[in-house]
Structure formats: structure tokens, C-alpha cells
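Subject: Structure handover

Hello,

Here is the structure I promised to pass on. Please open it alongside this email; my notes follow below.

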Amino acid sequence: MHAVSDLATVTYCSRQLYYRRDDERELPESVKKRRELAFEYEQLLEADDATLAARPIERTPEAYRGNLRRAKDRLDSWDELADPTHRDVLLSGRECRGIAQKVLEKPLAPSYVSPGSPPKEGVWEPQSVRAVALAKALSWEREQLIERAFVEYPAYGVIREISLTTRRKADYRRAIREIEGMDGPPARLTNSAKCDSCAYRKRCGTRTRSLRSLLGL
Ligand code: SF4
């Protein structure tokens, strides 16, 4: 059985997963604080500027409230997302286990709460794989077909709903194959922007692209 977080990491970079398994750490306080925002949307919508400024929010108070307001208007599942029945649920499926920060009942769907920033559209690929893995684990436990999941970016007031498309499921299968085939440290990525923000860059010995360009390489 694979950890859902491993699938997300291997989708980003398989070598990073190799390091992380060697170096499991407690969740940083900053991640916990950002995730707390995802359970306070209604209060944050009503909060004044000073209150919002004191929280780990990455937008101006006005822009933040605007993002939440649009999410509330757009999403059928807003009420459950804002006040979920199930929080921090450990899901165990046929192939993976991992924690969904929220499980919605109507209709059944998991939500992964990211401490990071959203892409312009949709969700980042590792998060897509993570969300599919959580949906599959939930589907296995409840013996119900699940065709959607959520990824939330509470520091930005952004919530994205995704469908479990054929492409997303294929990405998930690829991540499973990658983990199962891992034997020793995988190759480094070459000249990838992913390395610029990787916590293992120093240990990995990968130069950032900016240093490469400084050296004219
Ligand atoms: S520095 Fe690059 S190659 Fe090395 S683990 Fe990180 S993302 Fe992977």
C-alpha cells in the first residue's frame, strides 16, 4: 500500500521522494496555520482588514475576500467545504492510504488542502495525482464511484474542483508504477525549474537555473 503523499512527490520528482523517505519530518507550523484557514471560510469572509492581515494570507484583504466570495457563488458544495462533516480523515484504499483534510458527503468527494499557491487554472499535477489517489481510496472504502475531488489553496482563498478524467487517472497509474519500480536513488532532473524550489537541492547537488545562467552554462 502506498502513501498518497508519496504519489504526489514522485509525480514532482522521484529523487525527491527518495530523499524525503530518508528524512520524514513533522509538518511545519506554517503549513498547519495555513491549513487552519480552510476551516474558517465563513468567518474570513466577514473578517475586517486587520484580522485578515494577522493571518497567513497571501493576497490583500480585499482580494482575499473577493476570491472567497467568488468560490461561494460558484461552488455547489460551498456549505460542506466551509463546514465539513469529516476532517483529517485517514483513507485506506486498495493501493494507497493517506489523509484527506475534508471528506464531503453530498456528493461524496475528498478535498486536499494545499499550503501553497494555485496555478492560474486547474491544479498542479502532483496535487491532481494526490486528489485522484484520495478519491480512489475513498471510493474503495465506501464502495461508491467517485468522479470528482477538490484542491484548496486557503492562503489565497482559492478552491478548485477537479473531475477524475482519463488523463488524471493515467497520471495516477504512472505514479504508482514509478514508486513500485523504484530501486535506489532515481536520476536527478536535468535543468528543471522544479529544482529551484526543492528542499533537497543542496543535498542533491543540483545547481539552480539562475546559477547555471550566471555561469553561462
Ligand atoms: S533538486 Fe531537482 S533532481 Fe534533486 S530531488 Fe530536488 S527536484 Fe529532484
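Does Ser117 count as buried or exposed? Ser117 counts as exposed, because it has 11 C-beta neighbours inside 10 Å, and the cut-off for exposed is 12 or fewer. Please keep in mind that this is a predicted model.

Ser117 and its surroundings

Ser117 sits in the loop between E4 and H8. Leaving aside neighbours within four places in sequence, Ser117 is in contact with Glu58, Tyr153 and Tyr156. Val89 is another matter. Ser117 and Val89 are 28 residues apart in sequence, and their C-alpha atoms are 23 Å apart in space.

The strands

Start with E3, residues 96-105. Strand E3 is mostly covered, with seven of its 10 residues buried. E3 has several pairings:

- E1 (residues 2-3) runs parallel to E3, and two bridges join them. Ala3 stands opposite Arg97 in E3.
- E2 (residues 86-92) runs antiparallel to E3, with six bridges. Val89 has Ala100 in E3 as its bridge partner. E2 and E3 form a hairpin, and three residues lie between them.
- E4 also pairs with E3, antiparallel, over four bridges. Leu104 stands opposite Ala109 in E4. This is a hairpin too, with two residues between E3 and E4.

Next comes E4 (residues 108-113), which pairs with E5 in the parallel sense over three bridges. Ser111 has Phe150 in E5 as its bridge partner. E5 covers residues 148-153 and is mostly covered, with five of its six residues buried.

Helix H1 and the core

How enclosed is helix H1? H1 (residues 4-12) is largely enclosed by the rest of the structure, because eight of its nine residues are buried. The buried ones are Val4, Asp6, Leu7, Ala8, Thr9, Val10, Thr11 and Tyr12. What covers them includes E1, H2, E3, H8 and helix H9 (166-180).

Leu7 of H1 turns up again in the largest nonpolar core, which has 44 residues. Leu7 is one of the residues with the most contacts inside that core. The others are Ala131, Val132, Ala133, Leu134, Ala135 and Ala149. Helix H8 (residues 125-142) gives the most to this core, with eight residues. In soluble globular proteins, nonpolar side chains tend to be buried together.

What does Leu7 touch, leaving aside its neighbours within four places in sequence? Leu7 is in contact with His2, Cys96, Val129, Arg130, Ala133, Tyr172, Ala175, Ile176 and Ile179.

The two domains

The domain assignment of the protein chain gives domain 1 (2-185) and domain 2 (187-217). Their C-alpha centres lie 27 Å apart. The contact between them takes five residues from domain 1 and eight residues from domain 2. On the side of domain 1 that touches domain 2, H2 gives the largest share, three residues. The residues on that side of domain 1 divide into three nonpolar, one polar and one charged.

The ligand

The ligand has 14 residues around it. Which of them come nearest? They are Cys13, Gln16, Cys195, Cys198 and Cys204.

Both domains take part here. The shell around the ligand draws at least three residues from each of domain 1 and domain 2. Helix H2 (14-21) and helix H10 (201-204) each supply at least two residues of the shell. H2 gives the most, with three residues. By residue type, the shell divides into seven nonpolar, three polar and four charged.

H2 is worth a look in the viewer for what it touches. H2 supplies three residues to the shell around the ligand. H2 also supplies three residues to the side of domain 1 that touches domain 2. And H2 is among the elements that cover the buried residues of H1.

Where to look

If you have a few minutes, these are the views I would open:

- The ligand, with Cys13, Gln16, Cys195, Cys198 and Cys204 shown.
- Leu7 with its contacts, including Ala133 and Ile176.
- Strand E3 with E2, its antiparallel partner over six bridges.
- Ser117 in its loop between E4 and H8.

Best wishes

Definitions and conventions. Residues are numbered from 1 along each chain as its sequence is written. This is a predicted model: local features need pLDDT of at least 70, side-chain atom pairs count only at pLDDT 80 or more; totals for chains, interfaces and linings use all residues. A residue is near a molecule or strand if its C-beta atom, placed from the backbone, lies within 6 Å of it. Ala, Val, Leu, Ile, Met, Phe, Trp, Tyr, Cys and Pro count as nonpolar, Asp, Glu, Lys and Arg as charged, and the others, Gly among them, as polar. Domain bounds come from an automatic or database domain assignment. A nonpolar core is a set of buried Ala, Val, Leu, Ile, Met, Phe, Trp, Tyr and Cys residues joined through C-beta atoms within 7 Å. A residue is buried if 20 or more other C-beta atoms lie within 10 Å of its own, exposed if 12 or fewer, and partly exposed in between; C-beta atoms are placed from the backbone. Two residues are in contact if their C-beta atoms, placed from the backbone, lie within 7 Å. Two strands pair if DSSP finds at least two bridges between them.
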